[in-house]
Amino acid sequence: MQQTKGPQKSFVIFIALGLFFLIMLNALLPSLSRTQKVPYSEFLQMVESGQVTEVQQSADGTEIAFLTKDQNGKTSYYLTAAMTETDLAAVLQQHKTAEDKPIVFGRELPSKNRSLMMFVISWMLPLLLLLGLGILLMRMMQKKMGGNAMSFGKSNAKIYVQAQTGKTFADVAGQDEAKEALTEIVDFLHSPDKYRSVGAVMPKGALLVGPPGTGKTLLAKAVAGEAGVPFFSIAGSEFVEMFVGMGAARVRDLFKQASEKAPCIVFIDEIDTIGKSRDRAGSMGGNDEREQTLNQLLTEMDGFDGSKGVIILAATNRPDTLDKALLRPGRFDRRIPVELPDLAGREAILKVHAKKIMLDENVDLTAIARATSGTSGAELANIINEAALRAVKCNRRIVNQTDLQEAVEVIIAGYQRKGKVISPKEKRIVAYHEIGHALVAAKQTESAPVTKITIVPRTSGALGYTMQVPEEDTNLLSKEEALNKIATYTAGRAAEELVFGSFTSGASNDIEQATRLARSMVTRLGMSSEFDMMALETVSNQYLGGDASLTCSTETAAHIDAEVLSIIKTAHKKALGILTENQDKLHRLAAFLLERETITGEEFMQILNEEPAA
Ligand code: ADP
Ligand code: MG
Ligand code: ZN
């Protein structure tokens, strides 16, 4: 982030502007007052013609300033150089103004400090004013940014204490293993003697790893709330801002502050930004900075012993990129996995967040939890919020099951696009496509039951979709299930082919998913006969989608492609076969879906299981 860079730069610009303004002001001022310089003779003529009303000689006697008034009563201001030989006072006394009044005249009081005064007024005063203004502006900016531009290298880790995070373990649902591991740390901070007497050394650091949105940051905050000790929280990216070399200084400062405040907790969020493996640097130069920061962090972690009561928590969703040195015993030797929640976990998270809203009595959160397999805590929190928003939109104060179900679909498939016009012909294609998926899914064993089919378009671009909700969370995928899934993916296109004799682009997403699954069957899951249990791909970055890289020769890669293709082709044939066998059901269901636009799993099963009318 460039949060402290901002004020720094703008301060310089501000000063430069101020100076420029000042110089301009001083250059322009004299001309602004429209003083006219005239020769002494002209001055005497003006005195004689009675235009002059006031005369003043400068303190040193070298200049004469005078005022004139013309017939229209307009006053002008003149300057002239004084002639020393003449007796000006006598001349002025002899003359009168046009209005027949005596001319006012005199000499300025001698003042030694005049030039100094002038200097102060025209230069120093505005300068001081500008400076004051600048400082004020800086303060305001800092307040907004929360940083302190002048204290270079001071880490701006925010100090949290219990009252400020306001989070406790009660706010974190599910994640029982993670909570248990962290409870131990909290306990150590409360009563270190208990551990010391046994001779046990507390781990210095614990690393929370898991996909985004699973509650890692939330857990760290909860630890702070539970432990009731100071809590320093800083994001990894904050180390690497501002000037080169500041990152290391910040680490040093952070640990200095922490050891002063011990017992306390230091939390480094998104540590992968500084903790990336050093040999991976790769890109041209510019990595020195991060490397230095990382080295400093390693040094600091070694530098203090755990008995002091400083515990370092860090969170990341890219543990595979972390430098090995960070993970060795004595540093982040504890790894706390924070995984996506299972069915019970999802229900618990929904319950925690549902406390904030008013729920209808017969809301079934278990059903919602079941329909949201694979979602993170953050997404579940979002579903509750979407449901509440929908209730408000319908002018209700109480959130009901329909709100929640609609919210799930919003998170999965985007908002309904009511305005989108789809021609009846396209609607027919979409209906057959979706029924194709549903029918093939239902006619195979080992595949999750269909719960909803809809052809209402969504903002995500989907023109319709079929929702399948497994009865329970599964952790293992059998080869049969995988093949059935691929057949189900291909079934949309198969239905189009069967009914219309041609096909559309509507299957692009299905194709992508089918290919991905078929590919991982071959390369990673050992589910192809040709390659058996040989690993052909390694996956890094498992929490953020997974980047697969081939670990085989190019010839093998060609074999893999052939194998993947044959899996998909077989599945496609199977899907076509199932649909051909059930053509009458396909037509009946598609017609029903076209009429209703959205049908439930029960309606679908009912039609599917009806005896054909004789
Ligand atoms: P990350 O793992 O990416 O750091 P966060 O801790 O920032 O995720 O979680 C984001 C939000 O998701 C939290 O503020 C909270 O509202 C919600 N959330 C995530 N996991 C849980 C959970 N286990 N229990 C309750 N809320 C959760
Ligand atoms: Mg986070
Ligand atoms: Zn499809």
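Helices here are DSSP runs of H or I at least four residues long, numbered from the N terminus. With that in hand, here's a quick look at two ligand sites in this predicted model: the pocket residues around ligand 1, where α8 supplies the largest share of the shell with three residues, and the zinc ion (ligand 3), held by His 433, His 437 and Asp 510.

**Around ligand 1**

- Of the 15 residues around ligand 1, the ones that come nearest are Ala 173, Gly 213, Lys 216, Thr 217 and His 353.
- Backbone atoms make polar contacts here: one from Ala 173 sits 2.8 Å from a nitrogen atom of ligand 1, and a backbone N or O atom of Gly 213 is 2.8 Å from a ligand oxygen.
- Thr 214 joins in too, with a backbone N or O atom 3.3 Å from a nitrogen atom of ligand 1.
- On its own ligand 1 exposes 560 Å², and the protein buries 79% of that.
- Two or more shell residues come from each of α8 (216-227), α14 (343-354) and α16 (377-393).
- Sorted by class, the shell has six nonpolar, seven polar and two charged residues.

**Around the zinc ion (ligand 3)**

- The protein donors are NE2 of His 433, NE2 of His 437 and two OD entries from Asp 510, at 2.0 to 2.8 Å from the zinc ion.
- Along the chain, these donors follow the spacing H-x3-H-x72-D.
- Both histidines, His 433 and His 437, belong to helix α18 (residues 424-443), four residues apart, or about one turn of the helix.
- The arrangement counts as irregular because the four donor atoms subtend angles of 51 to 146°.
- His 433 is buried because its relative accessible area is 5%, and His 437 also counts as buried, at 8%.

Methods:
Residues are numbered from 1 along each chain as its sequence is written. Chains are lettered from A and ligands numbered from 1 in the order in which they are written. This is a predicted model: local features need pLDDT of at least 70, side-chain atom pairs count only at pLDDT 80 or more; totals for chains, interfaces and linings use all residues. Side-chain values use heavy atoms; hydrogens and water are left out. A residue is near a molecule or strand if one of its heavy atoms lies within 4 Å of it. A polar contact is a pair of N or O atoms within 3.5 Å; within protein, one must be able to donate a hydrogen and the other to accept it, and residues adjacent in sequence count only if both atoms are side-chain atoms. Accessible areas come from the Shrake-Rupley method with a 1.4 Å probe; for residues, only the protein chains shown count as cover. Ala, Val, Leu, Ile, Met, Phe, Trp, Tyr, Cys and Pro count as nonpolar, Asp, Glu, Lys and Arg as charged, and the others, Gly among them, as polar. Donors are N, O and S atoms within 2.8 Å of the metal (3.2 Å for Na, K and Ca); water is not among the atoms, so sites may look incomplete. Four donors count as tetrahedral if all angles lie between 85 and 135 degrees; four count as square planar and six as octahedral if opposite donors are over 155 degrees apart and all others between 65 and 115; anything else is irregular. Buried means under 20% relative accessible area, exposed over 50%, partly exposed in between (1.4 Å probe, protein chains only).
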